[in-house]
Amino acid sequence: MTPSNEEPSTKNQEPPRSSMNGKPVHTVPAKTVINFQSGFGKKLLCDDLTFSLGTACAYTCTFCYVPSAMRKTVKPLLDSIGKTHEQVVIRRESAVDILHAQLLRPGGTACGRTPRYSDPADTRVIYSSPLVDVAANMELVRETIEACKLILQYTHWQIRLLSKSNLLPKIATALSAWAYEIGGDRFAEIANCRMIYGVSTGTLNDALAATFEQGTPLVSKRIASLHWLQDHGYRTFGMICPSLPLPGGEYDNFAIGMMRALRAERCEHVWAEVINVRGESMTATVAALQEAGFPEYARALHRVSTDQAAWEAYARATFNAHAHLYPEGKLRFLQYITKATKPYWEDQQDRGAILLGPASATPAPPPIAPAPSTPPVIVSGAGNHGRSRSRRPEGDLSHPVGSRAEPTNDSQL
Ligand code: SF4
């Protein structure tokens, strides 16, 4: 918590936009903004905590899993307006106020309410967003800043923000200035140490990315924003996602280029993932590549999408190209496995493979009924705060330092 009792402002300075990236904006009622059981802990992005201020993104990526993951939740709205998920931006009404309420205990006056999550030892990582880009334009940047202020003020959590934009430095500088204003140097240092910023791209080719990530800033601008954050002492991570099958098979060159572009030695961790979509999203991505003049990429993607063995070979080639470049613990390669591929990928976990999907689940042992005379065992301090394996540096406050979806349980609408 901050040393000040000042309430962070949640007021919007300007009227909300009615359209973003040519899409109409719809604002819908919501019950919650923070999801405490998102499932994203499996990807080591967070300790299962996520927050989302919206449900449909201002960007349009052909491979995005959110439309299918949120199909049932947003169907009534989409049916009523005759639009698809990709054609609209959906924001959550009073999202920052709802987040505020989730962080405080109920009852009492606004000034007298106490934080729910004020334990200094609770330094879990919360991730945003599993559903929308947190910085797709300045209005959304401002909303994300207000949400982060509340989390910084009322908890000791770390906040991981991922974006396909080049606007994360706007968030970083605004939060640094705010933290300095209300708590001086010390709180500004602590607040900076609790923020982790990352940009996402699966290619360094601006034109190639523009075919399937519509409305997003150029990859080169995203990378420049990451460098700015690194040069100004902020904590950063890399997200090489989604990476396509390469027509020429030059995965080693690809991985080296990505590592250099991200300046991986300055990132705390680097996530990587091949393109995992199926069905309509895959068809749309192949078509986009074809239409934009990348027929060789379209053919390569079509091939792996229709040939399981080819897809597995592409995933392994991509993984191995990354894995031999990174020191132990740095790479986090997200891989959906099957029963058949499980043995191979289990052997790669020490090299950074993170196993996902139903086949990755370890069968639960059969329940053992306790003997009637056995007293209950109380385990203290059993909370798993280390799941994200990303801890705030201790004693070094002078250097402040995301395809296919897992179930998000993100049905807050
Ligand atoms: S992949 Fe991310 S940036 Fe792209 S549309 Fe989906 S949520 Fe937005």
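What percentage of the 413 residues in the protein chain is buried? Hello everyone, let's start there: buried residues make up 45% of them. Please keep in mind that this is a predicted model. As for secondary structure, the protein chain has 12 helices and 15 strands. I'll take you through a sheet, a ligand site, a pair of helices and one glutamine.

First, the sheet. Four strands form an open sheet with mixed pairing, and their order is 1-2-7-5. Which strands sit at the edges? They are strand 1, residues 19-20, and strand 5, residues 54-56, and each of these pairs on one side only. As a quick reminder, strands of a sheet pair through backbone hydrogen bonds, and the pairing can be parallel or antiparallel. Strand 5 and strand 7 run antiparallel, joined by two bridges, with strand 7 covering residues 89-92. If you'd like to find that pairing on the screen, look for Ala-56, whose bridge partner in strand 7 is Ile-90.

Now the ligand. Which residues surround it? There are three cysteines to look for, Cys-57, Cys-61 and Cys-64, together with Tyr-59, Thr-60 and Val-66, and then Val-132, Asp-133 and Lys-164. Sorted by class, this shell has six nonpolar residues, one polar and two charged.

On to the helices. Helix 3 spans residues 95-103 and helix 4 spans residues 138-154; the two pack with their axes 10 Å apart, at an angle of about 10°. Why do we call them roughly parallel to each other? Angles under 35 degrees count as roughly parallel, so helix 3 and helix 4 fit that description. Who meets whom? From helix 3 we have Ala-95, Val-96, Leu-99, His-100 and Leu-103, and they meet Glu-143, Glu-146, Ala-147, Leu-150 and Tyr-154 of helix 4. The residues of this contact divide into seven nonpolar, one polar and two charged.

Let me finish with a residue of helix 3, Gln-102. Is Gln-102 buried or partly exposed? Gln-102 has 19 C-beta neighbours inside 10 Å, and a buried residue needs 20 or more, so Gln-102 counts as partly exposed. Leaving aside residues up to four places away in sequence, Gln-102 touches Thr-32, Val-33 and Ile-34. Take Ile-34: this residue and Gln-102 are 68 residues apart along the chain, yet their C-alpha atoms are separated by 7.3 Å.

That's my tour, and thanks for listening!

Definitions and conventions
Residues are numbered from 1 along each chain as its sequence is written. This is a predicted model: local features need pLDDT of at least 70, side-chain atom pairs count only at pLDDT 80 or more; totals for chains, interfaces and linings use all residues. Two strands pair if DSSP finds at least two bridges between them. A residue is near a molecule or strand if its C-beta atom, placed from the backbone, lies within 6 Å of it. Ala, Val, Leu, Ile, Met, Phe, Trp, Tyr, Cys and Pro count as nonpolar, Asp, Glu, Lys and Arg as charged, and the others, Gly among them, as polar. Axes are lines fitted to C-alpha atoms, for helices over the stretch in contact, and angles run from 0 to 180 degrees between N-to-C directions. Angles under 35 degrees count as roughly parallel, over 145 as roughly antiparallel, 65 to 115 as roughly perpendicular and the rest as oblique. Two residues are in contact if their C-beta atoms, placed from the backbone, lie within 7 Å. A residue is buried if 20 or more other C-beta atoms lie within 10 Å of its own, exposed if 12 or fewer, and partly exposed in between; C-beta atoms are placed from the backbone.
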